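Reader: I am new to this structure. Please take a close look at one part of it, the aromatic rings, and describe enough of the surroundings for me to place that part.

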Amino acid sequence: MAKNALIFWGGWDGHTPDKSAEVVRGLLTAHGFDVAVHESTAALAQKDLSVFDLIVPMVTMSKIEKEELNALTAAIAGGVGLAGFHGTMGDSFRNETEYQFMVGGQWVSHPGNIIDYRVNITRTEDPIMTGIGDFDYRSEQYYMHVDPSNEVLATTTFSGDHLDFIKGIVMPVVWKKRYGKGRVFYSSLGHRFEEFDVPQMRTIFERGAVWAAR
């Protein structure tokens, strides 16, 4: 039986949520998912979320109605998987601390904006990271407030070139965690849809989403 996934997108269009949604739809379809894609958060309150095995938010710097948020958090706590990337999951609803608690982190800065930096794999034995070594990446290097209970799979180290007072800070880039009975996966890579052309970024998200699905 095919698994069911829901992608909802919106918010700041600089993160190309509509095009990213189509890329992710293709990735999940290739794994046998039936994928529903909806613009805005409205679908969260209109649908029975318990029928989905995976939910992928693609919303940046937006707002969510309390009814919608409650439906989402209840679904994940009940066993539906949650997977996302960059600001489309890590900077979705700045006023909603329960959402941030569920995700495991919240974006707060990207010193230097689009820069070259290195991603270091910390859990090479994890199936999500198998065969992926440390790699160079060009994008926003996310500085995040993160949950210490996250199981961190990859990190990055800030050079201090753009903010000297964070030189040497090691920051999680990829993590997984639990929220109630649900699996949660997050990667801070993926500023625009074109970044899915980077094999490591694409593979990490693809594997992470499949892992998160119920």
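Author: A loop residue makes a starting point: G14 counts as buried, because its relative accessibility is 14% (buried is under 20%, exposed over 50% and partly exposed in between, with a 1.4 Å probe and protein chains only). G14 lies in the loop between β1 (3-11) and α1; helices (H or I, at least four residues) and strands (E, at least two) are DSSP runs numbered from the N terminus. From G14 to A36 there are 22 residues along the chain, and their C-alpha atoms are 22 Å apart.

The model is predicted, so local features need pLDDT of at least 70 and side-chain atom pairs pLDDT 80 or more, while totals for chains, interfaces and linings use all residues. Residues are numbered from 1 along each chain as its sequence is written, and side-chain values use heavy atoms, without hydrogens or water.

The whole protein comes before its rings. It has six helices and eleven strands. Its radius of gyration is 16 Å, close to the 17 Å from the globule rule for 214 residues, so the protein is as compact as a globular protein of that length (the radius is taken over C-alpha atoms, and the rule is 2.2 Å times the number of residues to the power 0.38). Along the principal axes, the C-alpha atoms fill a box of roughly 45 × 35 × 30 Å. Of the 214 residues in the protein, 53% are buried.

Now the rings. There are eleven aromatic pairs (rings of Phe, Tyr and Trp, the last by its six-membered ring, with centres within 6.5 Å; planes under 30 degrees apart are stacked, over 60 edge-to-face, the rest tilted). One of them joins F85 and F196, edge-to-face, with 5.3 Å from centre to centre and 90° between the planes. This pair links distant parts of the chain, since F85 is in strand β4 (residues 81-85) and F196 is in the loop between β11 (182-187) and α6 (199-212), 111 residues apart. F85 counts as buried because its relative accessibility is 0%. F196, with 2% relative accessibility, counts as buried too.

Another pair consists of W175 and Y186: the ring centres are 4.7 Å apart and the planes stand at 35°, so this pair is tilted. W175 belongs to strand β10 (residues 170-179) and Y186 to strand β11, and the pair links these distant parts of the chain, eleven residues apart. Both W175 and Y186 are buried.

F85 and F196 also belong to a cluster, in which ring pairs link them with F185 and F205. A ring can also meet a charge: the charged end of K177 sits over the ring of F101, at 5.2 Å from the ring centre (NZ of Lys or CZ of Arg must be within 6 Å of the centre and within 35 degrees of the ring normal).

Some residues elsewhere help to place these rings. V210 is in helix α6, and its relative accessibility of 31% is why it counts as partly exposed. V210 and G81 are 129 residues apart along the chain, yet their C-alpha atoms are separated by 9.0 Å. D18 is in helix α1 (residues 17-30) and counts as partly exposed, because its relative accessibility is 37%. Between D18 and M58 the C-alpha distance is 8.3 Å, with their positions 40 residues apart in sequence.

Two loop residues have an unusual backbone sign. Most residues other than glycine have a negative phi. S40, however, is a residue other than glycine with a positive phi, near 85°. S40 lies in the loop between β2 (33-39) and α2 (43-46), and with 32% relative accessibility it counts as partly exposed. M61 is not a glycine either, and has a positive phi of about 50°. M61 is in the loop between β3 (54-60) and α3 (66-77), and is partly exposed, with a relative accessible area of 41%.

One empty space remains to be placed. There is one cavity of 30 Å³ or more (a set of points on a 1 Å grid over the protein atoms alone where a 1.4 Å probe fits but cannot get out; lining residues have an atom within 4 Å of a point). The largest cavity holds about 40 Å³ of space. Its lining includes the aromatic residue F158, along with P111, I115 and Q141.

Methods. On a 1 Å grid over the protein atoms alone, a cavity is a set of points where a 1.4 Å probe fits but cannot get out, and a pocket is an open set with protein on both sides within 12 Å along at least five of seven lines; lining residues have an atom within 4 Å of a point. Grid points are joined across faces, edges and corners, and a volume is the space filled by probe spheres set on the points.
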